Amino acid sequence: MLIKEYRVVLPISVEEYQVGQLYTVIEASKNETGGGDGVEVLTNEPYEKDGEKGQYTLKKYHLQHKVPAFIRLLAPPGALEVTEEAWNAYPYCRTSEFQSTVYVHMTSSKLTLQTVLTNDYMKDKFMIKIETWHKPDMGEECNVHHICESDWQKAEVVHVDIADKSLVKNYKTETDPAVFTPKKDNTKNRGPLKCDWKTCLANNSNCPHMCAYKLVTVECKIFGVQSKLENFIHSVEKRLFAEFHRQLFCTIDNWIDLTMDDIRRMEAETQQELNEMRKNEEVKGNCMDE
């Protein structure tokens, strides 16, 4: 088992993050869908249960070209498909992914998210758990998840700087916070993010800030590949966290004025679009050839 906590600081507020995250999920899904791979949205509809109201989604992720060759060789047909169920009732949300579970809770000052990933084919031999706190600070809180002391001592804290282009696989100028300058009245002066941007942000009372604390636990009890696979998964998670939040920040002018009604409309429009892209377009996004 390998545990790491990734900390991602952003020049946005926890409240703004709700819309920004959902918008970026939509756009990232389009960028990763094609050639049979990508996101298939099966259900996206309102739900009400036990006094709780929200949005229920059921998605399937097709990952044939998204894993390295050694995993494709080991994996039987169907093992590289991920099923995700999500009950999003802001301020509360839970998601089941890979037969997994994500729990989200948000208040005006913090957003928590927990994801547990397991695979039907490998049963209890494989698990990824992602627990996230979003807080209005600069990523300085110790053991924010309150895990047991023995596990915390083994955990590695990894600071993910969204302005560091070395963290991404395919560099794009348009998603580089180091050169991006927001243009709108409610976003300008938040970028570009230069080498000392975190220090400047901490001292700027006119700019919101937050940190996503992502505790990732990976366990793969497969003889001969456990260490290699656990380290590979962590390397992918770090890259995905960096790429996702770079895109989120660099598209801030596109989503900062959107409402949740706008997001729901966009999700509905994207559902069929993704199905057509997966069937008819070429493989795109981050692919693994080795």
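Searching the whole structure, which is a predicted model, turns up two aromatic pairs. Such a pair is described by the distance of the ring centres and the angle of the planes. One of them brings together Tyr6 and Phe241, whose rings meet edge-to-face, with 5.4 Å centre to centre and 65 degrees between the planes. That angle earns the edge-to-face label because the cut-off is over 60 degrees. The partners come from distant parts of the chain: Tyr6 sits in strand β1 (residues 2-10) and Phe241 in helix α5, 235 residues apart. Both Tyr6 and Phe241 are buried.

Phe180 and Phe249 make up an aromatic pair too, again edge-to-face, at 5.6 Å centre to centre and with 90 degrees between the planes. Phe249 belongs to helix α5 while Phe180 lies in the loop between β9 (156-160) and α4 (197-202), so this pair ties together parts that are 69 residues apart in sequence. As for exposure, Phe180 and Phe249 are both buried.

Helix α5 (residues 226-250) also holds His245. With a relative accessible area of just 1%, His245 counts as buried, because the limit for that label is under 20%. What packs against His245? Setting aside neighbours within four places in sequence, the contacts of His245 are Val8, Leu10, Tyr17, Ile162 and Lys214. Two of these, Val8 and Leu10, fall in the stretch of strand β1 (residues 2-10), the strand that also carries Tyr6 of the aromatic pair with Phe241.

Rings also turn up next to charges. The charged end of Lys135 sits over the ring of Trp133, at 4.8 Å from the ring centre. Likewise, the charged end of Lys165 is placed over the ring of Tyr171, here 5.3 Å from the centre.

Then there is helix α7 (residues 260-280). Its 21 residues, at 1.5 Å a residue, should span 30 Å, and the end C-alpha atoms are indeed 30 Å apart, so the two values agree. Even so, α7 has a kink of about 30 degrees, centred on Thr270. Thr270 is also one of the buried residues of α7, along with Ile263, Met266, Glu267, Leu274, Asn275, Met277 and Arg278. An α-helix has 3.6 residues a turn, so residues three or four places apart point the same way. Among the buried residues, Ile263, Glu267, Thr270, Leu274 and Met277 can be read along the helix with that in mind. The cover over the buried residues of α7 includes α1 (14-31), β2 (38-49) and β3 (52-62).

Methods
Residues are numbered from 1 along each chain as its sequence is written. This is a predicted model: local features need pLDDT of at least 70, side-chain atom pairs count only at pLDDT 80 or more; totals for chains, interfaces and linings use all residues. Side-chain values use heavy atoms; hydrogens and water are left out. Helices (H or I, at least four residues) and strands (E, at least two) are DSSP runs, numbered from the N terminus. The expected span of a helix is 1.5 Å times one less than its number of residues. The bend at a residue is the angle between axes fitted to the seven residues ending there and the seven starting there. Buried means under 20% relative accessible area, exposed over 50%, partly exposed in between (1.4 Å probe, protein chains only). Contact means heavy atoms within 4.5 Å. Rings of Phe, Tyr and Trp (its six-membered ring) pair if their centres lie within 6.5 Å; planes under 30 degrees apart count as stacked, over 60 as edge-to-face and the rest as tilted. A charge sits over a ring if NZ of Lys or CZ of Arg is within 6 Å of the ring centre and within 35 degrees of the ring normal.
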